[in-house]
Amino acid sequence: MNNKFFGLSIEKQQRIVNASYKVFSENSYKKAPMSEIADEGGVSKALLFHYFISKKELYMYLWENSIEMTRKAIIEYKTLETSDFFEMLKRSLLSKPELFTE
C-alpha cells in the first residue's frame with residue numbers, strides 16, 4: 001500500500017474505507033469493481049489505484065483493518081475474560097466494532 005493513503009484527512013480515508021466495505025459486501029470479490037468503490041468514495045479510480053496498487057491490496061487492507069477493530073473491541077469490553085457463556089455473549093454484542101462512520 002502507498003503510505004500516501006494515510007496522509008489523507010481522516011474524513012477522506014473514512015469515505016474510501018466505507019465505500020470499499022460497502023461495495024465488497026454487496027458483491028463477490030471478483031464482481032466488486034474498483035470504479036464503483038472510487039465513485040462511492042468520492043475519488044477517481046486512478047487515485048484509488050494510487051493509494052492501493054490493486055484490488056487485492058485494498059481487500060487485504062480491509063481484512064486486516066477488520067481484524068484490528070475486532071481485536072480492540074474484544075479487549076476493551078473484556079469479552080474473553082469470563083467463563084459465563086451469557087456474559088460473554090452480552091459483552092460480545094456490546095463490543096460489536098463499528099466501521100468508520102461518515
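Start by selecting Glu 87 and Arg 91 in helix 5, which spans residues 85-94; the two sit 4 residues apart, so about one helical turn separates them. Show their side chains and you'll find a salt bridge, with the closest N and O atoms 2.9 Å apart. Bear in mind as you click around that this is a predicted model. Switch on a surface if you like: Glu 87 is partly exposed at 25% relative accessible area, and Arg 91 is partly exposed too, at 21%. Buried would mean under 20%.

How many salt bridges does the structure hold? There are 3, so let's visit the others.

Next, jump to helix 4, residues 55-76, and pick out Arg 71 and Glu 68. They are 3 residues apart in that helix, again about one helical turn. Their salt bridge has its closest N and O atoms 2.5 Å apart. Colour by accessibility and both come up as partly exposed: Arg 71 has 41% relative accessibility, and Glu 68 has 30%.

Now for a bridge between two helices. Select Lys 22 and Glu 40, whose closest N and O atoms lie 3.3 Å apart in a salt bridge. Lys 22 belongs to helix 1 and Glu 40 to helix 2, so this pair ties together parts that are 18 residues apart in sequence. Side chains of opposite charge can pair in this way when their charged atoms come close. Are these two buried, exposed or somewhere in between? Lys 22 is partly exposed at 35% relative accessibility, and Glu 40 is partly exposed at 39%.

While you're here, bring up the whole of helix 1 (residues 10-26) and helix 2 (residues 34-41) as cartoons. Their axes come within 8 Å and cross at roughly 140°. That angle makes helix 1 oblique to helix 2; the cut-off for roughly antiparallel is over 145 degrees. Rotate until one helix lies in front of the other, and you're looking at a right-handed crossing.

To see who touches whom, select Arg 15, Ile 16, Ala 19, Ser 20, Lys 22, Val 23, Phe 24 and Glu 26 on the helix 1 side, then Glu 36, Ile 37, Glu 40 and Gly 41 on the helix 2 side. Sorted by class, this contact has 5 nonpolar, 2 polar and 5 charged residues.

Zoom in on one of them, Ala 19 in helix 1. Ala 19 is buried, with a relative accessible area of just 3%. Ignore its neighbours within four places in sequence, and its contacts are Ile 37, Glu 40 and Gly 41. So Glu 40 turns up twice on this tour: in contact with Ala 19, and in the salt bridge with Lys 22. For a sense of scale, draw a C-alpha to C-alpha distance from Ala 19 to Phe 5: they are 14 residues apart in sequence and 15 Å apart in space.

For the last stop, keep helix 1 on screen and bring back helix 4. These two pack at an angle of about 100°, with their axes 11 Å apart, and are therefore roughly perpendicular to each other. From helix 1, select Val 17, Ser 20, Tyr 21 and Phe 24; from helix 4, select Lys 55, Leu 58, Tyr 59, Tyr 61, Leu 62, Asn 65, Ser 66 and Met 69. What is the make-up of this contact by class? It has 8 nonpolar, 3 polar and 1 charged residues. Ser 20 and Phe 24 appear here against helix 4, and both are also on the list of residues meeting helix 2.

Key
Residues are numbered from 1 along each chain as its sequence is written. This is a predicted model: local features need pLDDT of at least 70, side-chain atom pairs count only at pLDDT 80 or more; totals for chains, interfaces and linings use all residues. Side-chain values use heavy atoms; hydrogens and water are left out. Axes are lines fitted to C-alpha atoms, for helices over the stretch in contact, and angles run from 0 to 180 degrees between N-to-C directions. Angles under 35 degrees count as roughly parallel, over 145 as roughly antiparallel, 65 to 115 as roughly perpendicular and the rest as oblique. A crossing is left-handed if the near helix is turned anticlockwise from the far one by less than a right angle, and right-handed if clockwise. Contact means heavy atoms within 4.5 Å. Ala, Val, Leu, Ile, Met, Phe, Trp, Tyr, Cys and Pro count as nonpolar, Asp, Glu, Lys and Arg as charged, and the others, Gly among them, as polar. A salt bridge is a side-chain nitrogen of Lys or Arg within 4 Å of a carboxyl oxygen of Asp or Glu. Buried means under 20% relative accessible area, exposed over 50%, partly exposed in between (1.4 Å probe, protein chains only).
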